Every structure is written in C-alpha cells, then in structure tokens.
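Biologist: Before we look, could you walk me slowly through the aromatic rings and the reasons behind each label?

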Amino acid sequence: MRSDRHKKKNHRLAKFLLKLLAFILFLAACFVAALTVFEYSPEPSEIISIAGTSSAHPNAGETIKILSWNIGYGALGDNASFFLDGGKDVITSEEERVNANLDAIASYLDSERADITLLQEVDKSSKRSYGINESHYILENTEGAYTATFAINYKVFYVPYPIPPLGKVNAGLLTTSVYDINFSRRASLPNPFSWPMRIVNLDRCLMIDRISINGSNKDLVVINLHLEAYADSEGNAEQIKAMMEVLEEEYAKGNYVIAGGDFNQTFSSVDLSKYPKQGKRNWEASIVDVTTFGSNWTALMDSSVPSCRLLNKPYVDADKDTFQYYVIDGFIVSNNLKIESLHTKQLNFVNSDHNPVILEVTIPFEEIVDEESGEDGDDESSNG
C-alpha cells in the first residue's frame, strides 16, 4: 500500500512538473513572439529629421575638423566590465557614474571644438543608462550653434539575457555640425544574424549627412557608422561591401566623402605590433583589406594610441602594460580631399571604452566649381 501511494505521489509530482515546464515554454514562446511582432524593422533607406539651425557652410581651402567617438552609452568608463567581452557585469555603472561620464564627455567635446562630431552608442531611453536621453543631454550641455541628426541602430523593448537581463535598449548614432546639414538619411546595412538572435541584436546602419559647400555645386557627404563586432568574417565583409557601394555612389556624383566611426575591425594598413593578443579567449578584431577599396579612397587609423580597450575587467586598477587594446576607430576619405592630420586622443578610457579620433581635411581650391561658371548645381533629388 505504501508503495502504491508513493508511486501515485511521484506520478502527481511528475505531472505537475511537466505542466509547469509546458507553462514556462508557453510563456517563453509568447515572449519570443512578442519580440518578433514588435521587432524594430527599419526601411532600407529612411529620411532623418534635422535638429537645430546653422547658416554656416565650409569654404574651399578651409580646414575641417571632424571628431569620431564611441561614448559607450556613458556607462563603459574605467570602472566597467561587460559580459559580452568576458566581464561580469550587465549593467556596468550606477546612475551617478553615468551622469559623471556624460558631463566629462560633453566637457571634452566643448574643449575640442570640432566642426563635425560623430558619436556612436548614444542612448535615448535604455535600462543600461537609466533612461537618460543622452542625445538631448549632449546637445544641451555643449556650446555653439549647430545642426544635429540621430539614427537608431539598436531598439528592443526588452533584451531577455543574461541574468540579470539587459532589458530595454533604444540607442543610435548622433552627428553634430557647425555647418548646415541640408539633408540626412539612414541607410540600413546587412544584418548578419538570423531569427531569433536577430530580434535582440543591433540593426546596423549608415547615417548619411549632406553639407553644401560655398562656391561648389557638390556636397560634403559625412557618414557616421558603427559596424558589427560579434558576427563572423562573412557578415562583417557584407557590411563593408554595402558601405563601400554607398561611398562609391557618392564619389561618382563628384561629392567629397568622409565615413567615420567605430568599424569594430582593423584596417590592413595599421601596424598592430604594439597591441598583441593577450589571451586566447579575448575578442579579436577582424582585418579589413583596404587594398580592395581602390585608389579613390584612403583608409585611416592611428595606431600610436589604442582607440579601444577590452571590457573583460575594470581598467582603473588593471596592469596597463598587459591589457588588451585595439585600433578599430577611424575614417575612410575620398581622394578629392586633402588629408591634413589624423590622431587618436589618449583619454585613458576614463569615461568610455573608446578614445576619440580626430581628422582634419581640406577641400582643395582647384576642386571647386565656381557658381559663376554657369554650371548648374545638383539638387537634393540628384545628390540624395
């Protein structure tokens, strides 16, 4: 009798556990279905609104200063580690530290006074940065009259992993310019992930801004980008190919083209001997063969200073000589522009896991078509 009662008890327990498992799987399926239904699915090309006003335009012979910086959504300073890089944290900084990082970032941008600034990993309303609208924060806390554009590249209402979960993410690219941006669009890049991983990953893009040049019927085209970090080499190559097609299209129109940002890859022209791989499990940036770009382009990265650090552990107390560094931030510049200088500013990763990279270029006088020559200028429909 006792044996029968024991068997019945085990049978009831097994049925309960099976029902519980079925219920959990049902909830998980409903959650994945909701993520799929509400997945951020941008069009291949979308017009972006332009904030602010400016009456300034660059002139021939004028040196233009462009700064690119992945600000790590204000939460990846020298205190941070991150789970995707082998670190232990998901939410990497307290709200007070995020605000302190953003203050320091805005202060540095003010001190540098770049004509055009390209920022990556700028949150608008994300759990990881306490819902702070970092785009507004930066615009409100930096001086000067400028225009600005913002393109979303990461929008998920809830990222369910790891434990604790990353939660809501809404982030993207921010460009500011002392010059008048007259047209802006978002161009989607190939997504290397398949469903269901696709629905919780970034939707990478190019943000393409146009600036009219005094005395010219062509545009200065400035492209802000943040390419994939964790895809395979084939996925990375597809994004590079799509990017170069856009650049070549703009160059064929006679425009002056600059693409800058976080490539998450290293150009083959860069000497990496100062930054060897420090551990077998450390993330390794793939190499982009810049000889495939052709003679119309110069690919630029400064290896004298690392542009990025690994987030496998906090930097503040680490051995700086044996830390894992990268050179993955830079620019691609069309050959109708004169490159004056490129350098990475060593900020020691205090407020971001990246250092800013600064490019100076000049539009040569001989490249400008005088408006008085009688040639018709291209309108937005032809250059857009």
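**Aromatic rings and their partners**

Modeller: Tyr275, Tyr315, Phe323, Tyr325 and Phe349 form one aromatic cluster. This is a predicted model, in which local features need pLDDT of at least 70 and side-chain atom pairs count only at pLDDT 80 or more, while totals for chains, interfaces and linings use all residues. Residues are numbered from 1 along each chain as its sequence is written, and side-chain values use heavy atoms, with hydrogens and water left out.

Biologist: What makes Tyr315 and Phe349 an edge-to-face pair?

Modeller: Rings of Phe, Tyr and Trp (its six-membered ring) pair if their centres lie within 6.5 Å, and planes under 30 degrees apart count as stacked, over 60 as edge-to-face and the rest as tilted. For Tyr315 and Phe349 the centres are 5.4 Å apart and the planes stand at 85°, so the pair is called edge-to-face. Tyr315 and Phe349 are both buried, a word that stands for under 20% relative accessible area, with exposed over 50% and partly exposed in between (1.4 Å probe, protein chains only).

Biologist: Why is the contact of Trp69 with Tyr108 called edge-to-face?

Modeller: Trp69 and Tyr108 lie 5.4 Å centre to centre with 80° between the planes, so the name edge-to-face applies here too. Trp69 lies in strand S3 and Tyr108 in helix H2, so the pair ties together parts that are 39 residues apart in sequence; helices (H or I, at least four residues) and strands (E, at least two) are DSSP runs, numbered from the N terminus.
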